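Colleague: Got a minute to look at this one with me? I'd like to start with the inside.

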Amino acid sequence: MPTGFYVHIPFCVRKCGYCDFNSHASTGELHADYLEALLGDIDAVRHRHGSVAIDTVFIGGGTPSLFPPGQIGAIVDRLARNFRLEAHEITMEANPGTVERHDFAGYRKAGVTRVSMGAQSFDAAELAMLDRIHSPEEIVAAFRAVRAGGFDNVNLDLMFALPGQTFDTWRRSLDAAVALEPDHLSAYNLTFEPGTEFFKKRAEGRLREKPEDEQAEFLSDSASRLAAAGYARYEISNFSRPGRACAHNLKYWRREPVLAAGAGAFGFDGKRRWSNVRSPQEYIRRAKTGEPLEATSEEPDREQAMLEAVMCRLRLREGLEEARFQGEFGAPPAEMFPRTLKMAADRGLVSRADGAVTLTDSGILVSDTLFGEFAKERA
Ligand code: SF4
């Protein structure tokens with residue numbers, strides 16, 4: 001089975017207060033050294049895993065669009081030199097506040113086929129509260145620049161349940177996003193992650209998290225509005241036009257192999273999961289001295305792997321395919337999780353059809369609690 005490949009670019013213009021990704025404010029002083037380390041890392045991944053077939057690439061961050069097309073092209077070329085690159089989807093993340101820096105036709109020429117843009121909101125006050133570097137008008141201009149560059153596959157990321165956000169401002173953001181006719185939309189619930197500015201501000205009472213029932217209302221309202229606009233929900237937070245689901249991200253949700261390079265990048269070869277050292281400076285230093293870039297490594301045992309399969313695949317509309325699960329773990333889900341599946345079916349949270357267990361709309365709204373029940377049953 002072809003694998004995916006994730007490439008991490010850990011630099012941003014400014015750190016957003018809610019962001020817990022491995023991203024660092026940067027004015028570019030490390031970029032050239034980082035690229036060199038990254039290209040060497042890609043070579044090293046090939047030495048460990050062989051010249052396997054790759055059918056999806058995701059260049060994420062951070063803000064990869066800080067790197068000019070020539071540097072992104074160098075990454076794609078290095079992947080092609082090391083692997084059987086049969087990628088029908090090469091995604092690059094872009095920040096609308098950086099799009100005017102480089103010509104998007106150049107990224108298309110460099111091999112990128114899909115752009116994922118972090119819009120987050122079309123409300124100026126919400127964007128300022130999120131510490132975003134762009135205005136609503138810049139999102140529109142950036143989207144048009146990406147289309148003009150030749151991209152027929154573009155995603156917009158949005159965030160809901162923001163402090164101070166109303167249903168009215170959210171719906172206006174959603175409508176503004178839909179009006180641009182992207183091929184894919186992701187709508188994520190804002191979370192307050194430990195270590196972020198937002199986490200601190202919430203603890204100090206400077207930001208108020210929306211109650212859970214209100215968060216759920218935002219999500220279900222979004223799903224019905226996006227469905228009406230022709231976007232099918234294929235994952236809890238992801239919606240697409242026909243044939244435009246993100247093939248790379250599907251690999252994570254299906255628990256399939258995705259190799260990786262870059263500071264803090266996580267890879268999975270189907271058995272072992274590893275991550276690289278997070279600090280870009282340390283990543284560059286180790287690359288220069290030839291020290292290993294890996295910082296963590298683990299091989300999930302059967303129990304862990306089984307739980308991961310349940311939690312990842314149930315996020316998808318296609319659900320948890322019973323025959324595949326039995327092939328991997330020796331028994332169907334109903335035998336491994338009899339209590340939770342019965343409880344969830346009795347309450348209308350899951351349904352069973354065509355050999356798969358899927359979350360119902362009510363199940364999606366309580367998915368985190370339900371996933372906790374699966375874990376408890378095997379504890
Ligand atoms: S632009 Fe994206 S990756 Fe960078 S700090 Fe903001 S949310 Fe994080």
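Colleague: How much space lies in the largest cavity?

Modeller: About 60 Å³. Keep in mind that this is a predicted model.

Colleague: How many cavities of 30 Å³ or more does a search of the whole structure find?

Modeller: The search finds 1.

Colleague: Which residues line the largest cavity?

Modeller: From the lower numbers, R233, Y234, E235 and I236. Then come L314, R315, L316 and R317. T358, L359 and I364 complete the lining.

Colleague: Which elements give two or more residues to that lining?

Modeller: Strand 9 (232-235) and strand 17 (356-359). Strand 9 gives the most, with 3 residues.

Colleague: And by class, what does the lining have?

Modeller: There are 6 nonpolar residues, 4 charged and 1 polar.

Colleague: Which domains does the lining draw at least three residues from?

Modeller: Domain 1 (3-253) and domain 2 (302-378), with at least three from each.

Colleague: Switching to the core. How many residues has the largest nonpolar core?

Modeller: That core has 88 residues. Those with the most contacts inside it are F5, Y34, I75, F104, F325, F337 and F374.

Colleague: Which helix gives the most to it?

Modeller: Helix 1, residues 31-49, with 7 residues.

Colleague: Where does this core lie relative to domain 1 and domain 2?

Modeller: Between them, because domain 1 (3-253) and domain 2 (302-378) both give residues to it.

Colleague: Back to F374. What is F374 in contact with, leaving aside neighbours within four places in sequence?

Modeller: F374 is in contact with L307, V310, L314, F337, T340 and L341. L314 also lines the largest cavity, and F337 is on the list of core residues with the most contacts.

Note on methods: Residues are numbered from 1 along each chain as its sequence is written. This is a predicted model: local features need pLDDT of at least 70, side-chain atom pairs count only at pLDDT 80 or more; totals for chains, interfaces and linings use all residues. Side-chain values use heavy atoms; hydrogens and water are left out. On a 1 Å grid over the protein atoms alone, a cavity is a set of points where a 1.4 Å probe fits but cannot get out, and a pocket is an open set with protein on both sides within 12 Å along at least five of seven lines; lining residues have an atom within 4 Å of a point. Grid points are joined across faces, edges and corners, and a volume is the space filled by probe spheres set on the points. Helices (H or I, at least four residues) and strands (E, at least two) are DSSP runs, numbered from the N terminus. Ala, Val, Leu, Ile, Met, Phe, Trp, Tyr, Cys and Pro count as nonpolar, Asp, Glu, Lys and Arg as charged, and the others, Gly among them, as polar. Domain bounds come from an automatic or database domain assignment. A nonpolar core is a set of buried Ala, Val, Leu, Ile, Met, Phe, Trp, Tyr and Cys residues joined through side-chain atoms within 4.5 Å. Buried means under 20% relative accessible area, exposed over 50%, partly exposed in between (1.4 Å probe, protein chains only). Contact means heavy atoms within 4.5 Å.
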